[in-house]
Amino acid sequence: MAINYKNAGVDVDAGQREVELIKGIVKKTQSRDVLSSLGGFSGLFNLDLDGIKNPVLCSGTDGVGTKVILAHMLDKHDTIGIDCVAMCVNDILCQGAKPLFFLDYIATGKLIPEKMEEIVKGVAEGCIQSSASLIGGETAEMPGVYQEDQYDLAGFAVGVVDKDKIIDGSSIKEGDIVFGLSSNGIHSNGYSLVRKIVFDHCKLDLNEEIDELNCTLGEELLKPTRIYVKEILELLKTVDIKGMSHITGGGFYENIPRMIPDGLCAKLDASVIDTPEIFKLLKKWADLKDEDMYATFNMGVGFTLVVDQEDKEKVVDFFNKTDLKLYELGKVVAGEDKIDLSL
């Protein structure tokens, strides 16, 4: 048999079929500023700077970690793309940036167009939720690197913020209020520990109904990461947010200090958080310490923001009109540790 690219494991025709399947899905995410079409060598985006005096581009890239393994196991691929977008746009949001466009990268052992279509559906949904245009991406068929039924997913977001409105925490002072916004469960961090607890320690089945969760374990673990873009950008029209943190890998202890200036400390009370049942179960199943939980997971708070005491009621009133739970976590005080978390 003659050797060619296809029997070496790379099906170019399948790649073309994938492009045809996802063209309509991608188109739904695109604003009028997208000047290119899917399938070109690059994505073109018209930078409309109306109302922005000194534009600064803000970019972020991320993946979904080992959460993708659960998507493989459950053969459910239509939400993992939301996670990928969320991890990127929530990060650039912390600087006050409005997402403009997004690109994805999917690497797989064997390109199955219908599976790729499901993944891109999730990416497109994440882009719609964050008002970002999906302007391109790459699907790489890599036999020998990935098994046939495996894939990995990563993404890249670009946003814009006026230089005078960049949020970097520098204006945070003593007495400022620290708020937290509710998460949608585990989001996309800590899944290596989750899998060790669920599979190695407890020998649980993802299809098992868990009374406390009111759903199967798999359904809970695949809940997509919440995207905070629309609410925060709307709030910024009336409130001067001084600092923001996306609670991802490293939990409270790693992420909240990233927005706190030297010489100050976020003094927080975790007891005000309505902690989702999945975290309580993981803690019980593995007999984990509270400190380990808050150093790994978001524990029910996916995003935090700091505002002046005078803006407290504006923030409370705003989030009362949304489906996000708002937690007053504490205040900024003098101190060198940057976070003092009462558990």
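The following exercises, each with a worked solution, concern a predicted model of a protein chain.

Residues are numbered from 1 along each chain as its sequence is written. In this predicted model, local features need pLDDT of at least 70 and side-chain atom pairs count only at pLDDT 80 or more, while totals for chains, interfaces and linings use all residues, and side-chain values use heavy atoms, with hydrogens and water left out.

**Exercise 1. Domains**

Task: State into which domains the protein chain is divided, and describe the contact of the two parts.

Solution.
Step 1. The chain is divided into domain 1 (5–37 + 52–163) and domain 2 (176–341); such bounds come from an automatic or database domain assignment.
Step 2. A distance of 25 Å separates the C-alpha centres of domain 1 and domain 2.
Step 3. To the contact (heavy atoms within 4.5 Å), domain 1 contributes 29 residues and domain 2 contributes 28 residues.

**Exercise 2. The largest pocket**

Task: Determine where the largest pocket lies with respect to the domains, and describe its lining.

Solution.
Step 1. The terms come first. On a 1 Å grid over the protein atoms alone, a pocket is an open set of points where a 1.4 Å probe fits, with protein on both sides within 12 Å along at least five of seven lines; lining residues have an atom within 4 Å of a point. A volume is the space filled by probe spheres set on the points, which are joined across faces, edges and corners.
Step 2. The volume of the largest pocket is about 890 Å³. Its lining has 36 residues, of which I52, G96, K98, V160 and L233 are the closest to the centre.
Step 3. At least two lining residues come from each of β2 (98–108), β4 (151–162) and α7 (229–235). Helices (H or I, at least four residues) and strands (E, at least two) are DSSP runs, numbered from the N terminus.
Step 4. By class, the lining has 13 nonpolar, 10 polar and 13 charged residues. Ala, Val, Leu, Ile, Met, Phe, Trp, Tyr, Cys and Pro count as nonpolar, Asp, Glu, Lys and Arg as charged, and the others, Gly among them, as polar.
Step 5. Because domain 1 and domain 2 both give residues to this lining, the largest pocket lies between them.

**Exercise 3. The second largest pocket**

Task: Identify which element gives the most residues to the lining of the second largest pocket.

Solution.
Step 1. The second largest pocket holds about 650 Å³ of space. Among its 30 lining residues, G15, V19, G137, E138 and T139 are the closest to the centre.
Step 2. The elements α1 (12–27), β2 and β3 (133–141) each supply at least two lining residues.
Step 3. With 8 residues, β3 gives the most.
Step 4. The lining comprises 15 nonpolar, 10 polar and 5 charged residues.

**Exercise 4. The faces of helix α5**

Task: Explain why the buried residues of α5 are said to line one face of the helix.

Solution.
Step 1. In helix α5 (residues 191–201), Y191, V194, I197 and V198 are buried. Buried means under 20% relative accessible area, exposed over 50%, and partly exposed in between (1.4 Å probe, protein chains only).
Step 2. Seen down the axis of α5, these residues fall within an arc of 125°, so they line one face. The arc is that of the directions from the helix axis to the C-beta atoms.
Step 3. An α-helix has 3.6 residues a turn, so residues three or four places apart point the same way.
Step 4. The buried residues of α5 pack against α2 (67–74), α6 (217–221) and α9 (277–286), whereas the face turned away from the buried side carries the exposed residues K196 and H201.
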